[in-house]
Amino acid sequence: MKIGFIGLGNMGGPMAANLVKAGHDVTGFDVAAPCPEGVAPATSAAEAAQGRDVVITMLPNGEILRSVASEIIPAMDKGAAFLDCSTVDVESARDVAEQAARAGILALDAPVSGGVGGAQAGTLTFMAGGTDEGFAKVEPLFEVMGQKAVHCGASGAGQAAKICNNMILGVTMIATCEAFALADKLGLDRQKMFDVVSTSSGYSWTMNAYCPAPGVGPKSPADNGYKPGFASELMLKDLRLSQQAAEAVGSDTPMGQAAAALYEQFVENEGGRGTDFSAMLPRFEKRKRG
Ligand code: NAD
């Protein structure tokens, strides 16, 4: 396929490189990052989008997505697909999809889970919102860049799935970390805590697969000085998006709200920026009950 790829950062760069490796013809554009080997550089987003079967965006936020979308939609052919893989607010995803649909373009929001490692290895999970026709058109590309793609529903459904998942993840990580810190103070050995919880009703992905305690459970960023992994500021971004969405639809999400406030405090005031989101554990270790 002829593909345009806009946003070649930590995630977009390796995703575009995998498309080239699979034999696709990829033209790329980024305001700062260089094109990976084999991606033909364009001088603007519109140029990268012109005459392409599919245009993929992997951008920092909804505002930038809106501005890039307004540049590329008029440049794209009717019947082409616009696949946004960024994590953005549900409203921006829906607005951009509407704008694309008016121009006869198939729009999909398909945020990913799996991080930079998943982008490099081509093992991302895509959660997609859009029409059946749009999903079918880009499905072969999901197979190259990822290992699983779920069609979640109409436009915005992919973003909705992503922020609901990550709200659970943020809340669960905090609960796992505060429980470890409490266990420490109660004199309970961390390995014993893991042995019990990982096979009891408190088990979770954050305990069993991504344990925040170093030297306990499978290898995780905790074993690498809390180097991300999934950075605390990215968790904060997703928690904020979940609260923005909850506010828009009037949904009561007290745990999500508390998690957003805690990660905000951690990232903005407590040196959490640049650490893995599991570094909540050393944070709790240092604190006393307030
Ligand atoms: P990044 O900052 O490394 O990459 C974003 C790229 O977009 C940058 O290279 C930047 O120069 C480029 N860009 C910004 N404005 C632009 C414009 N107007 N035109 C063209 N290019 C522009 O970020 P990332 O880590 O690659 O994340 C991209 C998206 O993926 C974000 O929405 C993020 O939330 C999401 N995401 C990231 C991870 C992760 O672990 N990094 C995991 C899942 C989802």
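## Ligand contacts and the largest pocket

In this predicted model, an oxygen atom of the ligand lies 2.8 Å from a backbone N or O atom of Leu-59. Two further contacts of ligand oxygen atoms, with Asp-30 and Thr-87, are listed alongside it in the table.

| Residue | Protein atom | Distance to a ligand oxygen atom |
|---|---|---|
| Leu-59 | backbone N or O | 2.8 Å |
| Asp-30 | side-chain N or O | 2.6 Å |
| Thr-87 | polar backbone atom | 3.0 Å |

On its own the ligand has 830 Å² of accessible area, and the protein covers 83% of that.

The shell around the ligand holds 23 residues, and those that come nearest are Asn-10, Met-11, Asp-30, Leu-59 and Lys-237. By class, the shell divides into 14 nonpolar, 6 polar and 3 charged residues. Helices α3, α5 and α10 each contribute at least two residues to this shell.

Which space does the ligand take? The ligand occupies the largest pocket, which has a volume of about 1200 Å³. Its lining consists of 44 residues, with Met-11, Met-58, Gly-115, Phe-230 and Leu-234 nearest the centre of the pocket. Two or more lining residues come from each of α3 (62-72), β7 (112-113), α5 (115-121), α7 (157-185), α9 (205-208) and α10 (232-249). The largest share, 6 residues, is supplied by α7. Of the residues in the pocket lining, 23 are nonpolar, 16 polar and 5 charged.

Met-11 appears in both descriptions: it is among the residues nearest the ligand and among those nearest the pocket centre.

Terms used
Residues are numbered from 1 along each chain as its sequence is written. This is a predicted model: local features need pLDDT of at least 70, side-chain atom pairs count only at pLDDT 80 or more; totals for chains, interfaces and linings use all residues. Side-chain values use heavy atoms; hydrogens and water are left out. On a 1 Å grid over the protein atoms alone, a cavity is a set of points where a 1.4 Å probe fits but cannot get out, and a pocket is an open set with protein on both sides within 12 Å along at least five of seven lines; lining residues have an atom within 4 Å of a point. Grid points are joined across faces, edges and corners, and a volume is the space filled by probe spheres set on the points. Helices (H or I, at least four residues) and strands (E, at least two) are DSSP runs, numbered from the N terminus. Ala, Val, Leu, Ile, Met, Phe, Trp, Tyr, Cys and Pro count as nonpolar, Asp, Glu, Lys and Arg as charged, and the others, Gly among them, as polar. A residue is near a molecule or strand if one of its heavy atoms lies within 4 Å of it. A polar contact is a pair of N or O atoms within 3.5 Å; within protein, one must be able to donate a hydrogen and the other to accept it, and residues adjacent in sequence count only if both atoms are side-chain atoms. Accessible areas come from the Shrake-Rupley method with a 1.4 Å probe; for residues, only the protein chains shown count as cover. A molecule sits in a cavity or pocket if more than half of its atoms lie within 2 Å of its grid points.
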